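Here is a short tour of one model. Take a look at the sequence and the structure, then read on.

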Protein chains: 2
Amino acid sequence: MSLKYTLLGFLTYGPLTGYDLKKHINNSTKFFWDAKLSQIYPTLKKIENDGLAVSEVMPQNGKPDKKIYIITDKGRAALLAWLGDFPKEITATKDSELLRSFFAGSLEKENILTHLRHHMALRQAQLHKYQTETKDYIKQVIIDTGLEREAIMWELTRRFGEQYEQMYITWLEDAIQLIEDEM
Amino acid sequence: MSLKYTLLGFLTYGPLTGYDLKKHINNSTKFFWDAKLSQIYPTLKKIENDGLAVSEVMPQNGKPDKKIYIITDKGRAALLAWLGDFPKEITATKDSELLRSFFAGSLEKENILTHLRHHMALRQAQLHKYQTETKDYIKQVIIDTGLEREAIMWELTRRFGEQYEQMYITWLEDAIQLIEDEM
DNA sequence: CCTAGCATGTAACCAGTTACATGATTCA
DNA sequence: TGAATCATGTAACTGGTTACATGCTAGG
């Protein structure tokens, strides 16, 4: 359901193709809302059928024709309605690594520790990515579009990613310490 | 896919019904892996078909008969194989509220602030739950089962929940401050 | 020469949600 | 009297993944 609004959200900044939208997602919402091209294309079709956007075909040679989507007033209204919505409950975020940790009690100590250390390396890489690539991308988009108000929100969500990874790394460090000492 | 291992994981502590399993999930893994009864029942059926567990029917009157599942050696082996698995990439956790924040730049300042404050109340309630209900439940399970080694891991995942909510609340506070001052 | 990027999509499948169906007991 | 708990499940649907199909261009 939220993919629809992700696409409409990006379309408010200007007309885009499915391929463009995927690149925008990869550089920004990927870590809290991601989708594959094979899901994006049918969703765009549905958006057009519902009158939330219209498409224009730009012929190309050697490549498939580009299909550019333009948001309609109805699409803008639908996005605003969604933005104004309040959830009454927090939605549980799934994390299979926490699940694995939860049931890891039956494994050998060293086995658990190897697991946690491996996971930590992945988290550190992700933290680094938020602090470099993602940060640079947001800076560039601000320069290119001049959307200052939006930029505040984009930077805030980037910082969430950064703080989430930092919290995760601290938790992993503490977990490793505790298991080394008490297991 | 992970629901299968969630169910097998709980079944290693003893024979349980689908209904029992849901209660265990609600008290522990719910915040990083949840499922409805309508998904649990067919998954248990699949687990039995694959030979990972066997079921015994206990007749009752006035209620549907209880169907108790018992994990098999094949089931234990499957769980251990999964526990030993390493993911090569971190999986993006979906969060529609972050997505809403990402696209909230077009809304009025007060509108965004109301949203963030509302979200904060939900997060504080969840934090409190981890610090009371969830903590008490783990204590009780340790008393009842004496699974000390497992208890270390359960307590660690509970602490993750606590630290996650604390991080989220801090982020929301900072976001509110920033928007009040700079928007 | 091979990989990555550009650019579209479909088909089959798996995971998960919502709604429906049944019905007794207990507690506020 | 009505909601919650116990206890099972099915059917229809939506969301999301994997695999397949096509084919050119640019760069290392």
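Which side chain has an N or O atom 2.9 Å from a base oxygen of DNA strand C? The side chain belongs to B:Ser38.

This is a predicted model: local features need pLDDT of at least 70, side-chain atom pairs count only at pLDDT 80 or more, and totals for chains, interfaces and linings use all residues. Residues are numbered from 1 along each chain as its sequence is written, chains are lettered from A and ligands numbered from 1 in the order in which they are written, and side-chain values use heavy atoms, with hydrogens and water left out.

## Chain A as a whole

Chain A has 7 helices and 2 strands. Read from the N terminus, its elements follow the order α-α-α-β-β-α-α-α-α. Chain A is more spread out than a compact globule, because its radius of gyration is 21 Å, well over the 16 Å that the globule rule gives for 183 residues. That radius is taken over C-alpha atoms, and the rule is 2.2 Å times the number of residues to the power 0.38. Helices (H or I, at least four residues) and strands (E, at least two) are DSSP runs, numbered from the N terminus.

The C-alpha trace of chain A spans about 65 × 45 × 30 Å along its principal axes. Of its 183 residues, 49% count as buried. Buried means under 20% relative accessible area, exposed over 50%, and partly exposed in between (1.4 Å probe, protein chains only). Chain A exposes about 9,400 Å², and carbon and sulfur atoms supply 52% of that area. Such areas come from the Shrake-Rupley method with a 1.4 Å probe; for residues, only the protein chains shown count as cover.

Now the contacts (heavy atoms within 4.5 Å). In chain A, 58% of the contacts with a separation of 6 or more join residues 24 or more positions apart.

## Around DNA strand C

A residue is near a strand if one of its heavy atoms lies within 4 Å of it. By that rule, 21 residues surround DNA strand C. The closest are A:Tyr41, A:Pro64, A:Lys66, B:Ser38 and B:Gln39. Sugar and phosphate make up 67% of the strand C atoms that come within 4 Å of the protein.

Which elements each supply at least two residues of this surface? They are α2 (18–27), α3 (37–49) and β2 (66–71) of chain A, together with α3 (37–49) of chain B. α3(A) gives the most, with 4 residues. The surface near strand C divides into 6 nonpolar, 7 polar and 8 charged residues. Here Ala, Val, Leu, Ile, Met, Phe, Trp, Tyr, Cys and Pro count as nonpolar, Asp, Glu, Lys and Arg as charged, and the others, Gly among them, as polar.

## Around DNA strand D

DNA strand D is surrounded by 21 residues. A:Ser38, B:Tyr19, B:Tyr41, B:Pro64 and B:Lys66 are the closest. For strand D, sugar and phosphate account for 68% of the atoms within 4 Å of the protein.

α3 of chain A joins α2 (18–27), α3 and β2 (66–71) of chain B; each supplies at least two residues of the surface near strand D. The largest share, 4 residues, comes from α3(B). The residues near strand D divide into 6 nonpolar, 7 polar and 8 charged.

The table lists polar contacts to the two strands (pairs of N or O atoms within 3.5 Å).

| Protein partner | DNA atom | Distance |
|---|---|---|
| B:Met1, polar backbone atom | strand C, phosphate oxygen | 3.4 Å |
| B:Gln39, side-chain N or O | strand C, phosphate oxygen | 2.9 Å |
| B:Tyr41, side-chain N or O | strand D, phosphate oxygen | 2.7 Å |
| B:Gln60, side-chain N or O | strand D, phosphate oxygen | 3.2 Å |
| B:Lys94, side-chain N or O | strand D, phosphate oxygen | 3.1 Å |

## Three residues up close

A:Thr6 lies in helix α1 (residues 2–11) of chain A. Is A:Thr6 buried or exposed? Its relative accessible area is 0%, so A:Thr6 is buried. Leaving out residues up to four places away in sequence, A:Thr6 touches A:Ile25, A:Thr29, A:Trp33, B:Leu99 and B:Phe103.

B:Ser2 lies in helix α1 (residues 2–11) of chain B. B:Ser2 counts as buried because its relative accessibility is 9%. Beyond four places in sequence, B:Ser2 touches A:Ser96, A:Leu99, B:Trp33 and B:Trp82. B:Ser2 and B:Trp82 are 80 residues apart in sequence and 9.2 Å apart in space, C-alpha to C-alpha.

B:His115 sits in helix α6 (residues 109–145) of chain B. At 9% relative accessibility, B:His115 is buried too. Apart from neighbours within four places in sequence, its contacts include A:Leu83, A:Phe86, B:Glu97 and B:Arg100.

Definitions and conventions. Polar contact = N/O pair within 3.5 Å; in protein donor to acceptor, adjacent residues only side chain to side chain.
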